[in-house]
Amino acid sequence: MQLQSFLEVKPLFYDEIDYARMPKVYESIESHLKLPKIIHLVGTNGKGTTGRFLAQMLLSNGLHVGHYTSPHILKFNERIWLNGSDVDDNVLEQAHQELLVWLSPSQAEVLSYFEYTTLLAMNIFCKRCDYVVLEAGLGGEYDATNIFPKTLSIITPIGLDHQSFLGNSIEEIAQTKINSAATDIVLAQQYDSKVYPIALAKAQELKSQLYTVKDFFDKSKSLKIDDYCQQLDFSTYLKDNFKTALCALKVLGYDSDFKTLSPIVLQGRCQKILPNVTIDVGHNVMAASALVKSLGEKKVILVYNSYKDKDFKTILEVLKPVVEEIQVIEIDSPRAALKSDVYGAAQALELTISSFSSIQNDKEYLVFGSFSVVEAFLKGLSEK
């Protein structure tokens, strides 16, 4: 069975996850995989951009680099980046057919969509990479990506999200994410004060080093990084993620020449796709707060929708200072919130809300709320 048909029958979301399944399957095929050095990213926000910045920095050092990120927006290939480009269809299909030979039919069937694609990506990377930047999907210690030995762990900003799986407090969520660390740890530029003691305790348990980005660079170097990011017109959170990636690069023993580095922001991350349109796949309160900080005094039309398990009432409350009005875009997802609930949340905040139809050139737009929102907007844009 070809990859696309194979994946189409696998559900993307589960109410319960069998955490023992992935380690058992990996153990059965481990001998086929000669692993490169792995940098593991866990956190609530910023994994994608931090990982892509780091992958580009490693590539600029003459290394062969893979970056595994999820989910994708328009095409599955976005999940597997290899030496500067999304992997091509032929490489994907070849790796898929090889993986099906290694797995028993029952193993191939029982693996989740994310578990299977993680093994698929690693099969591709093992033959081609010196380093793999591996982004966790959900959580940390029980995530499918945590079965591989790692050279370095990066902890990006941690906030409240996916509470039904990870816990109802910052401390609980941070603990399960940081428990994935097995060696040196880099703690992001921005972190909740509750996170540091947990990271420190884990580093002490492992007898490893804990590097905090804000203490890693002296004032002069930090200002140079800020100036460089300003030249690239990075938002505040992109600048923070760039600093985290640069810290990790230096911990790994490499450096970056700003004169030759040309970092490209991962698609859908505070990305200006038209002079008056910014798209962002963020979907939680932390992401909303970061965007408000980046927008400053600017007012936008918010093209929005949400999943029903997200705290969209608080998200809209956070965004209210920068929102002129809300326009709801239809999304194709079983997880989509009820339209009446989204409208009710907006009206309770006295925000004008209506259905999205098209953009106007004299208005500023922010497309935000989930990967599905950005996907729907981009598909609509391409059809016009």
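Helix H14 (residues 312–319) lies across three strands, S11 (300–304), S12 and S14 (365–368), and its direction makes an angle of about 165 degrees with S11. The model described here is predicted. Strands S11, S12 and S14 belong to an open sheet of six strands. A second helix, H3 (residues 47–60), is mostly covered.

**The six-strand sheet**

- The strand order is S9-S10-S14-S11-S12-S13, with mixed pairing.
- Strand S9 (271–274) and strand S13 (353–355) form the edges, each pairing on one side only.
- From one strand to the next, the twist averages 30 degrees.
- Strands of a sheet pair through backbone hydrogen bonds, in either a parallel or an antiparallel manner.
- Strand S12 (residues 323–328) and S13 run parallel and are joined by three bridges.
- Within S13, Ser355 is the residue that stands opposite Val328.

**Helix H3: length and end**

- The 14 residues of H3 should span 20 Å at 1.5 Å a residue, and the end C-alpha atoms are 20 Å apart, so the expected and modelled lengths agree.
- Gly62, which follows H3, has a positive phi, near 85 degrees.

**Helix H3: burial**

- Of the 14 residues in H3, 12 are buried.
- The buried residues include Lys47 and Arg52, together with Gly48, Gly51, Phe53 and Leu54.
- The cover over the buried residues of H3 includes strands S1 (37–42), S2 (65–68), S3 (80–82), S5 (131–135) and S6 (152–155).
- Helix H12 (236–251) is also among the elements that cover these residues.

How values were computed
Residues are numbered from 1 along each chain as its sequence is written. This is a predicted model: local features need pLDDT of at least 70, side-chain atom pairs count only at pLDDT 80 or more; totals for chains, interfaces and linings use all residues. Side-chain values use heavy atoms; hydrogens and water are left out. Two strands pair if DSSP finds at least two bridges between them. Helices (H or I, at least four residues) and strands (E, at least two) are DSSP runs, numbered from the N terminus. Axes are lines fitted to C-alpha atoms, for helices over the stretch in contact, and angles run from 0 to 180 degrees between N-to-C directions. Contact means heavy atoms within 4.5 Å. The expected span of a helix is 1.5 Å times one less than its number of residues. Buried means under 20% relative accessible area, exposed over 50%, partly exposed in between (1.4 Å probe, protein chains only).
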